[in-house]
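Reader: Could you take me closely through a single part of this model, and give the cut-offs behind each term as you go?

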Amino acid sequence: MSTRIQASTRDLEGPLLELTDVSTHFRTPRGLVRAVDGVSFTLERGKALGIVGESGSGKTILSRSIMGLLPPRGTVRGGSIKFEGREIGNLDRKAMRGVWGKEMAMIFQDPMTSLNPVMKIGKQIAEPLQIHLGMNKQLAWATAERLLQDVRIPEAKRRLDQYPHEMSGGMRQRVMIAIALACGPTALFADEPTTALDVTVQAQILDLLGEQRRDRNMSLILVTHDLGVVAGHTDEIAVMYGGKLVEKASTKGLFANMKMPYTEALLQSIPKLDDPSHTRLNAIAGRPPDLVNPPKGCRFAPRCPYASDKCINEEPPLVPTAEDPNHLYACWYPVGSTEYHEAKRRLAEPTDGLATATAAL
Amino acid sequence: MRYFLQRLLQFSIVFFIVTFAVMILMRLGLNAPGDPARTLLGGTADQELIDETTAKYRLDSNLFVQYFFWLKGMLTGDMGYSVPNSISVAAYIQARAMTTILLGLYATVFAVLISVPLAVHQAYKRDSMFDKVGSGLSFVFVSVPAIVLAPILTIVLINESEISFGDYVLTIGGWFPRVGDKIYPWQDLGAHIENFFVPTLVLTLPLAAIYTRLLRGDMVQTLQADFVTLASAKGVSPRRVLWVHALRNSLFSFVTSIGTQLGAIVGGAIVVEQFFDLDGMGSMLVGAILSKDLFTVQSTAAILVACVVVVNLIVDLMYAVIDPRIRHMRALA
Amino acid sequence: MSTAVAPPPAATPESPPATEPAPFKPKRKRPSTGLILACTFLFVLVFLAVFADYLGFIRYPDEKVLVDGKAGRYKLGPGWEAWFGTDGLSHDVFASCIYGARVTLQIGLFATAFGIIVGGFLGVLAGYFRKTTDRVVSIITDCLLAMPALLLAMILVSRLDDVRNDVTWLDWFSRKWQLVFTLGLLAVAPLARIVRAQTMSLREREFVLAARSLGAKPGRVILREIMPNLIPAILTVAFTGLSIIIAAEGALAFLGLGVEIGTPTWGKLINDNRNQIDVAWWATFFPCLMLFLTVVSFNVIGDRLSRRFDIRQAGV
């Protein structure tokens, strides 16, 4: 268990990341919280995957489970996570240390709290270089300077000697990216990398991430609640709800032909520029499911406007669509099906009891 | 720099007010002319000597003048004369200071050496058995005043007692001498340790407990910060995460308490020196206060207050060393 | 980003659907064993101290315990005859401890009350009016904290008797009240500091701003809006302060600056019997134990309160 993963065991062919039935549960006083429940997918090298869902959908826990960054106490992990062909799902933190920073790196949500306030920027970037690549201090700092240039920070040399509080939020997020890129990881996890930033800075950071990903042939896992963020910056999208994978497709495929009513609802909750003014934003009614006692059937059923008895009682399997075998979804009555249209029509009618009754007669 | 000068001024004001207040307090109830001198010299002194002493220390002038001349004396090394002990106050303090300095130094150093690893490890293994036992112990020792700990450690470590379990008799204690002798490390290290061990322990344990509690609390909070997770995600070893990334961010209360606890150490030293018959500044103060030895009390108090003030000034500077944000703010101020 | 998207509220929680399980309520925190023990100990101690004169099993403090018809100086160890043994004056240590609790607890309570009144007053003024008032108060607290507490207490207590002899109307100012005054003074600085900090944050809270904007006078704002909200903080510090004051009283008594001769206190018992500690450990040990248990008990309650009200008191 404690043996470090050797570079020689790396499998340079095949998918980068292969998840089979991954689950992460937390023991709490209330009971077992099934934060991630039976998620499977694969990610090819150099691709960008967006994991999308509301807060509480398990997307952040999933990304941290893959990295093995969760506190070991009270956490129950299951399933198999293969990274470059090696099983890492059952490794402890000690064994993962050789992977962290070197092959997998992470960018956190809030750049204000994610950098060590009492350590110089240069040292924070140089640290993984010295640990993983055995660089001496001089070389590590020189490399750090180049990394700062890579992430478009002006006056990189001067910045190395600064502390995080001397920089703006966007600048700090660039430093975070520089730290993550330092050792040339093959997979980069970005957990809501732009949520805490100004709108104008958001696009810059996302573009920077995309550019660096292409330059370095690195896989990117972009975790966000915002379908708009993943739309232009990913190859594939995985939608999560209640700890489960509910839809996965190529980005194009998903936006062209979304199957899950939840995905649809997520999209409708985003304001668009070309909407006429005063268009109502469609927030999703209700709350994410309780993950200690999840709903019996489809987990979205209690909030789904199109749900039927079947949805409430039977859990839909993850199945491919007829057109595209790589487009998976888990819904009994997907968007576009006859039942969906019927339900939609029902909803559109005035909820006048008498009228409905008459129509039924 | 400007900030530092401001603090220096502030602390000087405090020093002057407190030493002046001590002088007033020591003069309470000595209102008749010649009273202070008579008190200084003891009841049997003749009028001539009283007049002479009064003139020498200007004990008949108003308090501000007296204070001024006392302060001038302090700065030139003339701290007055301790009549009950027939020795100049400066020499008296010189003879006694080392014991107290050693006690205070040992207590602080050992308390830091005990508390820092303990607190860091407790925070790291939060809610584990180790943490719970550590927290329980530190809670108990925070609540043990020196006056309780000294007799109890005497009973356990100094008294020889036999505890019998059926046929088996366990002898504990008797490891240290009862009466403390002032032996310095450069005289006889072994004897020094024997004599100073229990008094030091009495001072160290509560101090270590306070430091541990403060540091553990801050450390637990720091370990939940994002930058600590990021450090792990960079592949930094847990030891380095704890000692390099988290510790420096958790030192604020800890460093503050090193300053604020100095008064408590002095209080503890007074009790400990009295209890173990160690001749230090603490037991000297007790004697001087009870015998109304005006100059001894005034000068010793002034030295102690100066120590407290200087240590707090250093602590204030330490904040800036530890945290660049504070440096930044002060540079702007 | 072609569609220019603002971060949307992904889902606004609205009224939960009826099918959802009841939201999780944390179990009511049971009072911990430590808290129960602490309260029980203090309750029993206070009860015994108050009714000591009427309880048959407690000897009078000046009653000599006889062994074989002779004074039982240090003769009796802890046992059925005398629970905590006998001391150098042949007194029952248990009885002395109980009567000692009387004095100590009284001094502790009155001193804390004094500290709360003076410290609270200064703290509220500093926190509410700030500026010069704040500066003056902070110099006062700085001065009080710069002096090692025990040293200040020793000097004060040793001099106050002289003052009392000089001033005729101070006849009531016996040693006990001198101790109350002195120890209360030590509690002023920490209390003033914490009250000042709390007042400062309360002062900017909406309900206080509302009252001020309605034109309420400072006195009314302080009395009606701020004071009630200071009670948790004051209560918390008071319990911790009480434990420190009781320990300090013990130290003063140990150094020979306790209440009048003839009245037993824990510190005095420790001082009187410490030289016979190798012969009669009990005469020193049990007063120590009582002092320790009392201090711990008050600390347990203070700690519990500070967690309950989320008050940090690093400097106290």
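Author: What follows is a close look at the strands of one chain and how they pair.

This is a predicted model, in which local features need pLDDT of at least 70 and side-chain atom pairs count only at pLDDT 80 or more, while totals for chains, interfaces and linings use all residues. Residues are numbered from 1 along each chain as its sequence is written, and chains are lettered from A and ligands numbered from 1 in the order in which they are written.

In chain A, strand β1 (residues 17–28) runs antiparallel to strand β4 (residues 75–83), with 8 bridges between them; strands here are DSSP runs of E with at least two residues, helices are runs of H or I with at least four, and both are numbered from the N terminus, while two strands pair if DSSP finds at least two bridges between them. Within this pairing, A:Ser23 is placed opposite A:Gly78 of β4(A). β4(A) is also joined, by 2 antiparallel bridges, to strand β5 (residues 86–87) of chain A, where A:Lys82 stands opposite A:Glu87. These two strands, β4(A) and β5(A), make a hairpin with 2 residues between them, and A:Glu84 in the turn has a positive phi of about 50°.

Chain A also holds an open sheet of 8 strands with mixed pairing, in the order β6-β7-β8-β3-β9-β10-β12-β11, whose edge strands, each pairing on one side only, are β6 (104–107) and β11 (319–320) of chain A. Within that order, β9 (residues 236–241) and β10 (residues 244–250) of chain A pair in the antiparallel sense over 6 bridges, with A:Val239 opposite A:Glu247 in β10(A).
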